[in-house]
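Got your viewer open and the cartoon loaded? Let's take a short walk through it, one selection at a time.

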Amino acid sequence: MQFHHHGYVTSDPRVLPAAGIGLDRPAELPDEMDVLIVGTGPAGMLLGAQLSMYPGVHTRIIERRAGRLERGQADGLQPRSIETFQAFGFADRLLAEAYRIIEMQFWRPDPTDRARIARAEKVIDSAALPGSALSEFPHVICNQARVQDYFAEYMANSPSRMTPDYGWELAELRVEGSGTHPVVATLRRTTGDDVGEERVVRARYAVGCDGARSQVRTAIGGTLRGDSRNHAWGVMDVLVKTDFPDIRTKCAISSDAGSILLIPREGNSLVRIYVDLGDLAPDDAHRIRATPIERIIEIAQRIFRPYRLEVPHVAWWSVYEVGQRLTDTFDDVPAERRGAQRPRVFIAGDACHTHSAKAGQGMNVSMQDTFNLGWKLGSVLSGLSPAELLDSYSSERQVVAQKLIDFDREWSTLMGARTFDPEHPELGGIDPQEVYDHYVRSEIQASGFGVHYQPSVLTAGAEYQGLATGFPIGQRFRSAPVTRVCDAVPIELGHHARADGRWRLYAFAGPEAPGQGGAIEAWADWLRTAPESPYVRTRVDGADAGAVFDVKVIWQQDHDQIEPGDVPAVFRPEFGPFGVIDEELVYAADPAEDIFTARGIDRAGCVVVVRPDMYVGAILPLDRPDLLTAYFAPLLLPAP
């Protein structure tokens with residue numbers, strides 16, 4: 001963490017100096033703003049946190065509740081989400097309080113007595129294995145409310161000093177004309193002495209993160225389309241007294257009495273239990289939702305036989321019907337106007353896609369929706385990128401959401417199916433082995449790493465993919481160990497990235513050491529001085545050299561063979577009001593795990609372009625800097 005470059009800092013370095021709107025942020029909702037976010041769920045809070053790093057962008061986030069969320073319904077956090085939290089600076093603190101999933105036990109009917117359950121297979125969570133092929137981060141359980149608390153802290157500590165505006169709900173939203181603030185929102189007070197009073201505000205853009213019954217989605221004519229499986233589950237967060245041996249281990253339990261998904265919660269006492277309530281009659285008309293908690297506990301006790309299950313305390317419970325639904329667009333542009341009309345209103349999270357809770361995808365995918373959108377809005381509103389960039393949000397995330405729906409449909413079908421009894425094959429059912437096999441097969445998708453953006457203005461083709469085979473274009477940048485040259489600290493290369501809206505350029509040097517010339521030094525000189533270089537074209541007078549691009553170099557030599565004075569100046573830029581040199585952009589291959597070998601990087605070197613949301617945009621050769629110019633031409637505007 002860097003924080004003394006503005007002078008000696010004695011207070012919490014996570015509290016950044018106020019700037020822009022943060023210098024005189026209106027305490028009350030203003031009449032006009034740049035971005036209006038509706039809803040403080042995980043999607044809305046991540047979006048607010050991302051936009052809070054743009055002090056020139058006035059963002060407000062409204063919530064109908066009177067204050068912070070106290071008890072969230074989502075709890076599973078996949079490794080991709082933890083990677084994202086690392087970029088927001090709170091991964092370590094969240095991991096310290098979370099429950100970490102190491103293995104999953106599968107229980108089935110005992111072959112000798114099908115009225116009893118017995119252990120079958122065990123799966124080690126691949127993210128928990130040393131040297132995991134998925135991520136260096138684990139799969140954990142933590143209350144949704146705590147995730148939102150961390151994002152709220154990040155906003156409050158940001159240069160824009162952003163805080164949610166509680167006690168407001170959206171009553172109506174429309175887009176009028178083509179003025180600077182065409183989004184017109186009627187808001188209604190939900191708390192305080194003025195409950196029910198309304199006021200109208202205007203915004204440049206609005207984002208609906210307001211759940212499955214989204215008012216914003218309705219306002220833009222969006223519809224959730226899909227189906228219901230006519231199957232229901234009860235879910236409860238409970239304290240239990242039990243002799244079940246795996247009560248603190250994630251379990252999938254299949255029995256003749258039904259199925260259970262057991263997820264231990266953080267804090268070492270609470271557990272979440274999803275209880276199969278069975279198929280619904282065609283004329284049920286949602287009556288299943290009135291199932292009392294006592295009935296859910298009774299069914300769970302039957303499934304757990306021969307083990308005892310007592311529930312002395314219920315923290316929260318609910319009943320839901322399984323269904324998968326998806327909108328046909330994530331913004332307000334009609335299909336026939338796509339490309340000719342720029343979007344002004346967006347939706348994200350449950351406002352776009354709804355599904356079962358058992359795959360642990362809802363909160364995770366919703367946050368990635370707004371991580372995709374946030375930097376795009378910030379770049380456009382700060383004058384860095386053209387408005388056309390916003391067209392990519394719906395096209396990129398629609399495909400991701402469809403994969404989520406398909407994945408959830410298959411998983412929830414397997415989890416809710418009758419267990420096959422070989423003595424009564426006429427009853428049908430699913431072999432529990434299928435549940436186990438599907439869980440193993442789908443781990444990449446479940447962990448959040450199944451996203452692969454296809455070629456577009458943001459995602460280059462695969463012509464130069466062979467220069468860095470371990471960084472697939474269109475997929476998230478997979479970190480690897482390196483050594484920081486200035487202090488010999490071993491570090492994960494990806495962990496230095498922050499959710500600050502900047503692009504990352506990772507320059508992997510050829511065989512020449514610093515000071516010996518070669519393609520890396522020619523590229524570095526071009527990047528810093530050539531008029532056509534995006535690094536030069538986007539630099540505003542008086543701004544730090546790294547305001548738009550975070551440029552790093554990774555050498556093949558050991559760190560003690562690299563003299564800082566021989567490193568090209570673009571990798572050691574001056575920054576801050578005192579013009580100190582940034583020494584943390586120069587790295588060497590880790591001797592224990594050479595990143596060039598681990599990520600299939602050509603020894604002649606290359607450049608890996610990474611988007612602000614941590615996805616690889618392009619792989620380019622060092623000796624073709626013109627390709628870097630061409631890549632950024634439609635994405636970044638020249639500095640005024």
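Start by selecting residues 451-638, the stretch that an unreviewed UniProt entry annotates as "Phenol hydroxylase-like C-terminal dimerisation". Keep in mind that what you're looking at is a predicted model. Over residues 451-638 the chain is 14% helix and 20% strand. Put a distance marker on the C-alpha atoms at the two ends of this stretch, and you should get 31 Å.

**Stop one: a helix**

Now pick helix α14, residues 625-632. Which of its residues are buried? Show side chains for P625, L627, L628, Y631 and F632, and you have them. Those buried residues sit on the same side of α14, because they cover an arc of only 150° around the axis. Here's a handy rule while you look down the helix: an α-helix has 3.6 residues a turn, so residues three or four places apart point the same way.

What do the buried residues of α14 pack against? Colour in two helices, α11 (519-529) and α12 (534-537), then add the strands β21 (503-508), β22 (549-555), β26 (606-610) and β27 (616-620).

**Stop two: one of those strands**

Zoom in on β21, where six of six residues are buried. Turn on its side chains: W503, L505 and A507 point one way, while R504, Y506 and F508 point the other.

Next, look at what β21 pairs with. It runs parallel to β22, with six bridges between them; find L505 and you'll see its bridge partner V551 in β22. β21 also pairs with β26, this time in the antiparallel sense, over five bridges. To spot that pairing, select F508 and look for C606 opposite it in β26.

**Stop three: back along the chain**

Leave the annotated region and jump to β13, residues 250-255. Is this strand mostly covered or mostly open? Mostly covered: six of its six residues are buried. K250, A252 and S254 point one way from the strand, with C251, I253 and S255 facing the other way.

β13 pairs with β5 (residues 103-110), parallel to it and joined by four bridges. Select F106 together with its bridge partner in β13, A252, to see one place where they meet. β13 also pairs with β14 (residues 258-264), which runs antiparallel to it and is joined by five bridges. Follow the chain from β13 into β14 and you'll go round a hairpin of two residues. For a last selection, try S255 and its bridge partner in β14, G258.

Notes:
Residues numbered from 1 in each chain as written. Predicted model: local features only at pLDDT ≥ 70, side-chain atom pairs only at ≥ 80, totals over all residues. Heavy atoms only, no water. Buried < 20%, exposed > 50% of the residue type's maximum accessible area, 1.4 Å probe, protein only. Pairing = 2+ DSSP bridges. UniProt positions renumbered as here; feature names shortened; annotations may be inferred. Arc of directions from axis to C-beta. Contact = heavy atoms within 4.5 Å.
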